[in-house]
Amino acid sequence: MIKKKFSFTCDKLLSHQQLACCDCYCGIPHQGKNVLIYSNKKTQQKPLLLTGHHGDISAMTFGKRSSPVTLCSASSDYIIIWDIEACQKRTEDGKLAAGTVIGTLLGNVVHLSFCSDDELIAVCSGTTIYVLNSKKQEVICTLNGHLGFLTSAEFCPWNTNILVSTSEDRTFKVWDLKTGAVFYQSFVLGGSPLRSVLFLEEEEQLITGSADGQVWCFSFDDDHKCHLGKKMDLQKMEKRYEMRQETHPQDVAEQSVANKVEISKPVIQMASCGSFAEIQFGQEIDNSWFCVGSSDGLYVVELATSELLTVLYFKDNPTLNIAMAGSWSIYVGSDKSMVVLVSSLFTPCVVLLELCLSNLQRTGEEGGGGFSVFPSSPPLLESPLNAELKRKEPSHPKRKGGIKEKPLVFHSKVKSSGYNTTPRMTMFSAQTNAQKRTSPKKGLLHRNYPENSAAPTEPRTALKIANKQVSCLQYSGDGKKILCGLGDRSVLLYNSCLTGGPTAYIGHDKPVTSVSWSLCRQWWLSAAEDLSLRIWAKSYSEPAIILGDTMFSKPIRGAQFYYLDKFLVLTSGPSLYLYLYNVDLTRDDVKRYKHRSIIKLASCITPSASDITALSAVNDFLSYIVLVSCSDRSIQVLDMNKGAVGSVLHDAHSRAIHCITQNKGSTFTSQAPESYNLFLTSAVTDGVKMWDLRTMRCVRRYENHVNLCHACSSTFSPCGRFIASGSEDKCAYVYDIRASTYLHKLQRHSDTVLSVAFNPAKPELLTGTLDGKLRLFQSSTGSHLSHDTSAAVHCISKVTA
């Protein structure tokens, strides 16, 4: 994967000097005032010597265009532009190679940069940026404003009138070259100076890195305002990368102490590796990579997940003769090949390397040893899913002898005589405004969810429902009802449009933590911090089943219906419980206090010694998979067919996961089968991660929202195109599933948004806040949809097809 082209011993140390490298050539200072141009293709060929500077060369760079190849070199006296092909021709003709002086006496130049068409060049000297004409000696503009020495400056590739500069004052500025004004000035990003800046043209994003290994990614909008998208730490990413690579823990324990010493990882130079096509979510997705040249090696980062793909350490390649790098020059070709020029930090040595990025692409992961949410075989004979609830038949005492009792009438019901009813005063009244009732046509039982609708961002309804937090929200399967679990120990049942008064269900002694609808929508459950769970039936104020009374020693962190309503699954402490149940609402008129509903424990699984913090399972179709997260920051995949742990993903987040949710889709729409294998996890201070169950790998990360202390939830939209997340900045965030930056920021909430829920029948989003308020958002393209979903049916075969 890495190939050493050649090594060059210099006459002086070049540890902190900008070097030049392109596809065909590389430039190295020689004897201070001269430049040696080597051919990358023919390294044994005699280098081209360029002379003309009177002072020591401090920076150089090649132009962006492939023809003609242009080099700019800078010293304290001159800024010179060289045409490499023309200089080679002059040398072959026996003449002295000559360049064009475009600037004089600009001071100690530390960085040079061409624009995309090589017409302009930015020169960083002290605290001043000089923008020069590359064709003649002309200063286009002079930019001042940084409080510290400049470290780098780059032109925007899609707008040459925009320039971004970094400085030792730990900020970056976005300049308008037409007016010389500052479009945007960043806040102080960290405690160390910013070293480099990089543009990602396809994503229109800006990345900057500091001397202590911190990397910030900003979205670059049309108004030239930068919004922080994500922050990365090279040391933390390296630790996660090493943990993923560890296959033999005993080998790790035998590592020497020297290998465990942490060193600083300055972001010396960055380069875009382009985008690589990868099959995700049932379609081809372009994932962008970028590389970071640091002191101990080259780090290749996947932008979507903020994770390292690989690290090329100098210590693993002793033939490079470099222990620590001082400066980098990186060029990425169109064929995904990379040419790198590296100078040593402590020795006067420069090495030219060649790498092939295509070898880093993941292969064979789609069908590996992962899992699928869809079952591939029938349940095992000893599977817990085969458990059945034995119902006791009512026993009637046998009568001894005599004539059997027989009914006096032939009907089970006898019409009342009418003695207690009000006498009829009007005998007949003609109906003149009767309308013919139309029955729905066969095959049109419900409207489909609009697949191409926009995300719900238009505020429609705001409602104050309690003085405590809205802990959880869930729509019914037909999208007509919404359950709200509150911090005041109650559960409210609303119409989905939030009109009319709610139905209140009271019985818990502590805040409600989770609510769940059954598939048939005839009953639902609620769990609370009081170590109890209640199953409620429609139109009944009293619970049909109560689980509690010291049955659990710790609060129930998650509970829901499972396996097409056959089971009830819940978590308490380190264990997951699987219950069989039967809801029977009939009661004896004499013994009305006696409940006839039955619940029985079918299985109990303890995946680890750590407490379970979140639970997710699919109930809309048959699935063997149940996902749980534990307090040790791991994700456990439970195979309920075997009643055992199928896979464990350690250190999924930097903090314990408080929310885990699967892409369950909706009965009103269908998605690609691969999409149902996606699930989300949320953790405090660590954003939202999207995982693929088939590979158990994080495929994207979302970090625009603020989540520092509260358990803000996240969820998929029914169409599978959007993700919604709560946030502590009084906003709800809507992400496109294919992009890491937020799509919409739903503002004007009164407090922290804790709960979010999509309507399964139409493009609507409901949010619940810490101060007990609900807000309903509607899609701008979905306002014309019918609210009549009473005829909806559960098309299970459509989802599983």
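Two strands are taken to pair when DSSP finds at least two bridges between them. In this predicted model, that criterion is met by β34 and strand β35 (residues 523–528), which pair in the antiparallel sense over 5 bridges. Within this pairing, S514 stands opposite A527 in β35.

The two strands belong to an open sheet of 4 strands, with the order β34-β35-β36-β37 and antiparallel pairing. Because β34 (512–517) and β37 (545–547) each have a single partner strand, they stand at the edges, and one side of each is left without a neighbour in the sheet. From one strand to the next, the twist averages 15°. Strands of a sheet pair through backbone hydrogen bonds, in either a parallel or an antiparallel manner.

The wider chain may now be considered. The protein chain contains 4 helices and 56 strands. Of its 801 residues, 53% count as buried. Among contacts between residues at least 6 apart in sequence, 52% join residues at least 24 apart. The chain exposes about 38000 Å², of which carbon and sulfur atoms supply 50%.

One of the helices, α1, spans residues 84–92. Its N-terminal end is capped by D83, a side-chain oxygen of which lies 3.4 Å from the backbone nitrogen of E85. After α1 comes G94, with a positive phi near 85°.

The interior is considered next. In soluble globular proteins, nonpolar side chains tend to be buried together. The largest nonpolar core in this model has 24 residues, and C291, L298, W328, I330, M338, V340 and V342 touch the most other members. At least two residues of this core are supplied by each of β22 (269–280), β23 (283–293), β24 (297–302), β25 (307–313), β26 (325–332), β27 (337–344) and β28 (349–356). Leaving aside neighbours within four places in sequence, W328 is in contact with I268, Q269, G293, S294, G297, L298, F314, V340, L341 and V342. A second, separate core has 20 residues, including V618, L627, M696 and C698.

A final site is T661, which lies in strand β46 (residues 657–662). Is T661 buried or exposed? Its relative accessibility is 13%, so T661 counts as buried, the cut-off being under 20%. Apart from neighbours within four places in sequence, T661 is in contact with S616, F679, L680, S714, T715 and F716.

Definitions and conventions. Residues are numbered from 1 along each chain as its sequence is written. This is a predicted model: local features need pLDDT of at least 70, side-chain atom pairs count only at pLDDT 80 or more; totals for chains, interfaces and linings use all residues. Side-chain values use heavy atoms; hydrogens and water are left out. Buried means under 20% relative accessible area, exposed over 50%, partly exposed in between (1.4 Å probe, protein chains only). Contact means heavy atoms within 4.5 Å. Accessible areas come from the Shrake-Rupley method with a 1.4 Å probe; for residues, only the protein chains shown count as cover. A polar contact is a pair of N or O atoms within 3.5 Å; within protein, one must be able to donate a hydrogen and the other to accept it, and residues adjacent in sequence count only if both atoms are side-chain atoms. Axes are lines fitted to C-alpha atoms, for helices over the stretch in contact, and angles run from 0 to 180 degrees between N-to-C directions. A nonpolar core is a set of buried Ala, Val, Leu, Ile, Met, Phe, Trp, Tyr and Cys residues joined through side-chain atoms within 4.5 Å.
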